[in-house]
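Visitor: I'm new to this one and would like to learn how to read it. Could you show me the structure and walk me through it?

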Amino acid sequence: MLAAAVGGCLGSFFNVVVWRVPRGLSVVHPGSRCPECGKEIPFYRNLPVLTWLIQRGKCAWCAWPIPRFYVLVEAFCAVLGAGWAYAYTQGHWTNSGQAVAWAVFAFLAVPISLIDWEHFEIPDGLVVTAGFGGLWAVVGLADPELRLDRLVGALKDGLLSAGFLYAIHFGARVALGAMGNLVRAILPRGVRWSWRRGLRKDWLMLALRWGRFDSDMEALGLGDVSLALAAGVCLGFQSVWLGLAPAAAFGALGFLYRKSRPIHATRAAELGIDPQAIPFGPFLCAGFLVVAWVGAQGFSIP
């Protein structure tokens with residue numbers, strides 16, 4: 001129960017972080033307040049999940065409907081905390097430092113993922129916090145005679161992870177640029193009317209989409225590289241490179257969702273992206289954490 005309560009409180013704080021950080025506002029001052037009437041919310045009316053249920057999802061002063069998104073984040077973090085505590089008490093982690101580092105990255109992955117999904121931006125401050133928090137857990141909770149080895153190992157895993165994703169980032173830009181140049185070179189100068197029907201239409205639309213590729217397009221951004229650095233420190237290099245496979249699977253599901261619910265054209269123009277584009281950061285976080293969790297449960301990972 002304590003872990004669930006702590007997780008719920010973190011979820012409540014993350015709601016503030018997700019709203020304020022992209023807007024350059026302090027996450028500490030001023031305190032939480034209603035976005036509609038501006039009334040400051042006292043601590044006894046700021047209880048995760050419970051306040052939303054007691055007040056029936058409305059502000060106590062102006063009856064402004066509180067978005068369900070807020071309570072879902074709080075509930076998810078509460079479940080995350082309870083699940084981590086149960087696994088830890090059942091001995092599913094043999095190393096306390098790795099267990100705490102996993103929790104640090106898992107909780108901070110919540111605001112990182114939500115901000116990236118909404119704004120296509122991974123905040124450096126949250127990534128740095130995750131990296132240093134994981135480093136403290138891995139090194140500080142180790143036996144004194146092992147701390148130097150753990151420090152060197154964590155830094156090595158972080159640098160390897162960042163370097164690995166940077167190689168993908170650079171290679172993808174080169175590959176996308178080459179594909180775009182090739183498609184533009186072989187596309188016909190004129191398009192016959194008969195090509196706009198049936199299978200030829202599908203191939204033509206695909207070729208036109210590929211023809212827009214250039215070396216400035218990114219399959220992975222530099223924010224994903226910095227995220228991999230923190231993940232490598234917290235979870236290890238093995239969890240990062242093996243986590244790319246489930247991350248790609250999760251990303252495919254995210255693309256299907258976005259395809260059915262594209263970003264509003266005005267918002268997409270502000271961000272300079274395709275309305276069907278998705279950020280990869282949330283799916284990277286999920287992939288890394290799933291692989292690290294599976295490895296901690298004693299399953300064999302090649």
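Guide: Let's start with some rings: Trp93, Trp102 and Trp293 make up one aromatic cluster. Keep in mind that this is a predicted model, where local features need pLDDT of at least 70, side-chain atom pairs count only at pLDDT 80 or more, and totals for chains, interfaces and linings use all residues. Residues are numbered from 1 along each chain as its sequence is written, and side-chain values use heavy atoms, with hydrogens and water left out.

Visitor: How many aromatic pairs does the rule give?

Guide: In general, a pair of aromatic rings is described by the distance of the centres and the angle of the planes. Rings of Phe, Tyr and Trp (its six-membered ring) pair if their centres lie within 6.5 Å; planes under 30 degrees apart are stacked, over 60 edge-to-face, and the rest tilted. Here that rule yields nine aromatic pairs. Take Trp84 and Tyr88: the ring centres are 5.3 Å apart and the planes sit at 5°, so this pair is stacked.

Visitor: Where do Trp84 and Tyr88 sit relative to each other in helix 3?

Guide: Helices (H or I, at least four residues) and strands (E, at least two) are DSSP runs, numbered from the N terminus. Trp84 and Tyr88 are four residues apart in helix 3, so about one helical turn separates them.

Visitor: Is Trp84 buried or exposed?

Guide: Buried means under 20% relative accessible area, exposed over 50%, and partly exposed in between (1.4 Å probe, protein chains only). Trp84 is buried because its relative accessible area is 19%, while Tyr88, at 34%, counts as partly exposed. Now compare Trp102 and Trp293: their ring centres are 5.2 Å apart with planes at 55°, so that pair is tilted.

Visitor: Which helices hold Trp102 and Trp293?

Guide: This pair links distant parts of the chain, with Trp102 in helix 4 (residues 96–119) and Trp293 in helix 11 (residues 281–296), 191 residues apart. Trp102 is buried at 7% relative accessible area, whereas Trp293 is partly exposed at 27%.

Visitor: What lies over the face of Trp19?

Guide: A charge sits over a ring if NZ of Lys or CZ of Arg is within 6 Å of the ring centre and within 35 degrees of the ring normal. In this model Arg23 takes that place over Trp19, at 3.5 Å from the ring centre.

Visitor: And how many salt bridges does the rule count?

Guide: A salt bridge is a side-chain nitrogen of Lys or Arg within 4 Å of a carboxyl oxygen of Asp or Glu. The count here is one. Glu270 makes a salt bridge with Arg267, with 3.4 Å between the closest N and O atoms. Both residues belong to helix 10 (residues 265–271), three residues apart, or about one turn. Glu270 is exposed at 57% relative accessibility, and Arg267 is partly exposed at 26%.

Visitor: What does the secondary structure of the whole chain come to?

Guide: The chain has eleven helices and zero strands. Of its 302 residues, 38% count as buried.

Visitor: What share of the contacts joins residues at least 24 apart?

Guide: Contact means heavy atoms within 4.5 Å. Among contacts between residues at least 6 apart in sequence, 71% join residues at least 24 apart. For another look along the chain, try Gly83, which is in helix 3 (residues 68–89). The C-alpha atoms of Gly83 and Ala4 are 8.4 Å apart, with their positions 79 residues apart along the chain.
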